[in-house]
Amino acid sequence: MVSCSSANEIIKCVFVTVSSRHVGEILCRQCGASVTRQSEFINVTGVDSSQLAYEYDFPLAGKTTKVHVLTNPEGHKFHMFGAKTAHLNFHGTPQSHATWYPGYKWTICLCKVCNRHLGWYFEVDKSTVLHMTSEKKNFVGLVLDNVISADYVDTLTRVPNF
Ligand SMILES: *[C@@H]1O[C@H](CO)[C@@H](O)[C@H](O)[C@H]1NC(C)=O
């Protein structure tokens, strides 16, 4: 670990921090495990509008991403954004009931390190795909409140002390 107490050390420290981290990395907010990165972000389409409370564009890790605000059958509200892939563990088996994205099955996804619920894996439901006109691709929906941008963590934890 490089200490960051003098001006020279701070410059070295910033360099080490930037070069040892992937720019645009997204972390588990609870434990800091790496989850995905900005280059994996996608704007998810095909949401069931009857289950969508509202949507908005959110600046995250240097990119703009679409956030869908959705409610599950238990009444919990989630702000969710999409990624092509993420490092997560599956919890349970794929379900198709109450899906927010018609034509997709969902599986709960947990942090690989601390098991916090971070989102869902949405995979094309092969039993319905014949009725679909568009090209669908599997994706991960991440809960915005449960992740944090590594770049943002750096601004919180690195306090220059001249
Ligand atoms: C999502 O859409 C917005 C415009 O609504 C665009 O600015 C942004 O680049 C898109 N993000 C991704 C990850 O494609």
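A residue counts as near a molecule if one of its heavy atoms lies within 4 Å of it. That cut-off sets who appears around the ligand in the first view.

This is a predicted model, where local features need pLDDT of at least 70 and side-chain atom pairs count only at pLDDT 80 or more, while totals for chains, interfaces and linings use all residues. Residues are numbered from 1 along each chain as its sequence is written, and side-chain values use heavy atoms, with hydrogens and water left out.

**View 1. The shell around the ligand.** Phe41, Asn43, Asp57, Lys63, Thr64 and Lys66 surround the ligand. Sorted by type, that shell has one nonpolar, two polar and three charged residues (Ala, Val, Leu, Ile, Met, Phe, Trp, Tyr, Cys and Pro count as nonpolar, Asp, Glu, Lys and Arg as charged, the others, Gly among them, as polar). Strand S5 (residues 63-71) hands over the largest share, three residues; strands are DSSP runs of E, at least two residues, and helices are runs of H or I, at least four, numbered from the N terminus.

**View 2. Polar contacts of the ligand.** Here we're after N or O pairs within 3.5 Å. An N or O atom in the side chain of Asn43 sits 2.3 Å from an oxygen atom of the ligand. For Asp57, a polar side-chain atom is 3.0 Å from a ligand oxygen. Thr64 joins in through its backbone: one of its polar atoms there is 2.8 Å from a nitrogen atom of the ligand. On its own the ligand has 370 Å² of accessible area, and the protein covers 56% of that (Shrake-Rupley, 1.4 Å probe).

**View 3. Phe81 and the largest nonpolar core.** A core is a set of buried Ala, Val, Leu, Ile, Met, Phe, Trp, Tyr and Cys residues joined through side-chain atoms within 4.5 Å, and buried means under 20% relative accessible area (1.4 Å probe, protein chains only). This one has 18 residues, of which Phe81, Leu88, Leu118 and Leu142 touch the most other members. Strands S1 (25-28), S6 (77-83), S8 (104-111) and S10 (139-143) each give it two or more residues. Setting aside neighbours within four places in sequence, the contacts of Phe81 (heavy atoms within 4.5 Å) include Phe41, Lys66, Val140 and Leu142.

**View 4. Another core, and the chain as a whole.** Apart from the largest core lies another of 15 residues, among them Leu70, Met80, Trp106 and Val143. The chain has two helices and eleven strands, and 38% of its 162 residues count as buried.

Note on methods: Polar contact = N/O pair within 3.5 Å; in protein donor to acceptor, adjacent residues only side chain to side chain. Buried < 20%, exposed > 50% of the residue type's maximum accessible area, 1.4 Å probe, protein only.
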